[in-house]
Amino acid sequence: FSGAAAPLSRRFGEERVLMAALVLLGAGLVARAMLPGWLLFPGTVVASAAIALMNVLLPSLVKRRQPARAGLLIGVYLLFLAAGGILGSLIAVPVFDAPGGSVPLALGMWALPALAAVLAWLPQWRFRTVPGRPTGLATREGPARLVKVWQHRLAWQVMAFMGLQSLTYYTTLSWLPTLFRDRGAGAVHAGTLLALMNLGNAATALLLPVLAHRTRDQRWLVAATVAATAAGIAGAWFAPLGSAAFWVLLLGLGQGAALGLAIYFTMARAPDPVASASLSAFAQGAGYLVATAGPLAIGFLHTATGGWTVPIVVLLAVVGGEFLSGWLAGRAMTLRA
């Protein structure tokens with residue numbers, strides 16, 4: 001659904017598409033909570049589609065409205081994404097296990113922040129901004145030309161970095177608790193370690209876009225980010241279990257930094273908001289297709305080998321690809337029409 005965001009914003013306006021996505025998000029969350037036996041997967045698809053639309057359009061919105069503060073605002077946006085992940089990791093199991101807890105309650109409570117977001121965004125409904133040239137450019141030039149992003153190697157490099165960093169994140173998000181359970185950790189301990197990983201995400205997801213905005217070439221940031229991710233993944237399996245908290249925190253710092261850079265690249269590598277929406281749609285739409293292979297492939301490898309050594313080595317090889325694509329995407333370049 002990421003690919004639909006840019007054309008929808010050109011048809012109906014960014015603000016209204018974002019409002020519709022928020023309503024769609026709440027509807028999907030309520031549906032899967034009311035009938036989890038029937039609507040768990042359909043409701044998740046609806047909610048995920050809404051999230052995909054918002055992920056694409058928010059960087060474009062920031063580039064158009066506040067280009068001078070883009071790094072900070074992207075960082076704040078990603079900080080709150082990570083905060084939601086921390087909260088979910090910490091309270092999902094306790095809410096389910098509490099007296100009166102249930103699957104509908106554990107799933108349905110997440111519709112409340114979606115409703116709050118609808119109310120917060122409601123005043124924006126009166127706007128119907130169709131992305132165009134940034135303010136200050138000569139209007140006689142006409143509307144901005146649509147950049148065919150898939151024809152540019154830089155766009156493919158941004159997409160590859162987005163996809164591979166997402167693959168490592170969703171794979172560790174899916175399998176780290178099982179890995180730690182296999183190493184002897186309890187369920188609550190494993191959930192706490194996952195929350196600690198997301199805490200690391202929050203710290204660097206805010207910091208890295210700010211740092212990236214202050215430098216034209218982000219390759220050194222990519223190198224530090226990938227090094228932290230690789231060390232955290234290796235330490236989670238090969239280091240003693242007693243040191244797991246350090247390694248998952250380091251992993252989270254690397255992953256949050258990678259996400260911050262990936263989202264920032266969709267904005268910084270585009271010459272205008274129109275191209276930014278298109279690049280964001282391409283990078284996230286194709287990138288998340290790459291990422292979907294991660295949890296499934298690592299699960300198959302774990303089942304086939306009966307352990308975690310081979311899956312971890314394969315994941316480290318993916319991180320190597322993340323470094324290569326990020327090094328290329330981090331150069332001070334923009335797409336050209």
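**Group meeting: helix packing and salt bridges**

Let me start with one residue. Leu-251 is buried, and its relative accessible area is 0%. Keep in mind that this is a predicted model. Leu-251 sits in helix α10.

What does Leu-251 touch, once residues up to four places away in sequence are set aside? The list is Thr-172, Leu-176, Met-197, Ala-228, Thr-229, Gly-232 and Ile-233. Look also at Tyr-169. Along the chain, Tyr-169 and Leu-251 are 82 residues apart, yet their C-alpha atoms are separated by 9.2 Å.

Several of those contacts take us to helix α9. Helix α9 covers residues 219-238, which is 20 residues. From first C-alpha to last, α9 reaches 28 Å. That is close to the 28 Å expected at 1.5 Å a residue.

Which residues of α9 are buried? They are Leu-221, Val-222, Thr-225, Val-226, Ala-228, Thr-229, Gly-232, Ile-233, Gly-235 and Ala-236. Ala-228, Thr-229, Gly-232 and Ile-233 are on that list, and Leu-251 touches these four. A reminder on helix geometry: an α-helix has 3.6 residues a turn, so residues three or four places apart point the same way.

And what covers the buried residues of α9? The cover includes α7 (153-182), α8 (187-213), α10 (244-268) and α12 (309-329). So α10, the helix that holds Leu-251, is part of that cover.

Stay at the start of α9 for a moment. Asp-217 and Arg-219 meet there through their side chains in a salt bridge, 2.7 Å from N to O. Are these two buried, or partly exposed? Asp-217 has a relative accessible area of 23% and is partly exposed. Arg-219 is at 26%, and counts as partly exposed because buried means under 20%.

Now, salt bridges across the model. How many are there? The count comes to four. A network of them links Glu-14, Glu-15, Arg-64 and Arg-65.

Take Arg-64 and Glu-14. Their side chains form a salt bridge at 2.6 Å, N to O. This pair joins distant parts of the chain, with Arg-64 in helix α3, Glu-14 in helix α2, and their positions 50 residues apart.

Glu-15 also forms a salt bridge with Arg-64, and here the closest N and O atoms are 3.2 Å apart. Again the link is between distant parts of the chain: Glu-15 is in helix α2 and Arg-64 in helix α3, 49 residues apart.

Now burial in this network. Glu-14 is at 0% relative accessibility, so it counts as buried. Glu-15 is at 0% too, and counts as buried. Arg-64 has a relative accessible area of 23%, so it is partly exposed.

Leu-61 is worth a look here. Leu-61 lies in helix α3. Its relative accessible area is 7%, which means buried. Neighbours within four places aside, Leu-61 is in contact with Glu-14, Glu-15, Leu-18 and Trp-121. So both glutamates that bridge to Arg-64 also touch Leu-61, which is buried at 7%. Leu-61 and Val-274 are 213 residues apart along the chain, and their C-alpha atoms are separated by 10.0 Å.

Next, Ser-280. Ser-280 is found in helix α11, residues 273-305. Buried or exposed? Buried: Ser-280 has 0% relative accessibility. Leaving out residues up to four places away, Ser-280 touches Asn-55, Val-56, Pro-59, Thr-266 and Gly-285.

Now the surface. Val-30, Met-34, Leu-35 and Trp-38 make a nonpolar surface patch of about 500 Å². Where is Leu-35? In the loop between α2 (14-34) and α3 (36-65). Leu-35 is at 44% relative accessibility, so it counts as partly exposed.

Last, confidence. The mean pLDDT of the protein is 87, and 94% of its residues reach 70 or more. Among the elements, α12 has the highest mean pLDDT, at 97. Helix α4, residues 70-97, has the lowest, at 82. Over residues 133-142 the pLDDT is below 50. Beyond near neighbours in sequence, that stretch has six contacts in the model.

Key
Residues are numbered from 1 along each chain as its sequence is written. This is a predicted model: local features need pLDDT of at least 70, side-chain atom pairs count only at pLDDT 80 or more; totals for chains, interfaces and linings use all residues. Side-chain values use heavy atoms; hydrogens and water are left out. Patches are made of residues with over 30% relative accessible area and no salt bridge: like charges are joined within 9 Å, nonpolar side chains (Val, Leu, Ile, Met, Phe, Trp, Tyr) within 5 Å. Accessible areas come from the Shrake-Rupley method with a 1.4 Å probe; for residues, only the protein chains shown count as cover. Helices (H or I, at least four residues) and strands (E, at least two) are DSSP runs, numbered from the N terminus. Buried means under 20% relative accessible area, exposed over 50%, partly exposed in between (1.4 Å probe, protein chains only). The expected span of a helix is 1.5 Å times one less than its number of residues. Contact means heavy atoms within 4.5 Å. pLDDT is the predictor's confidence in each residue, from 0 to 100.
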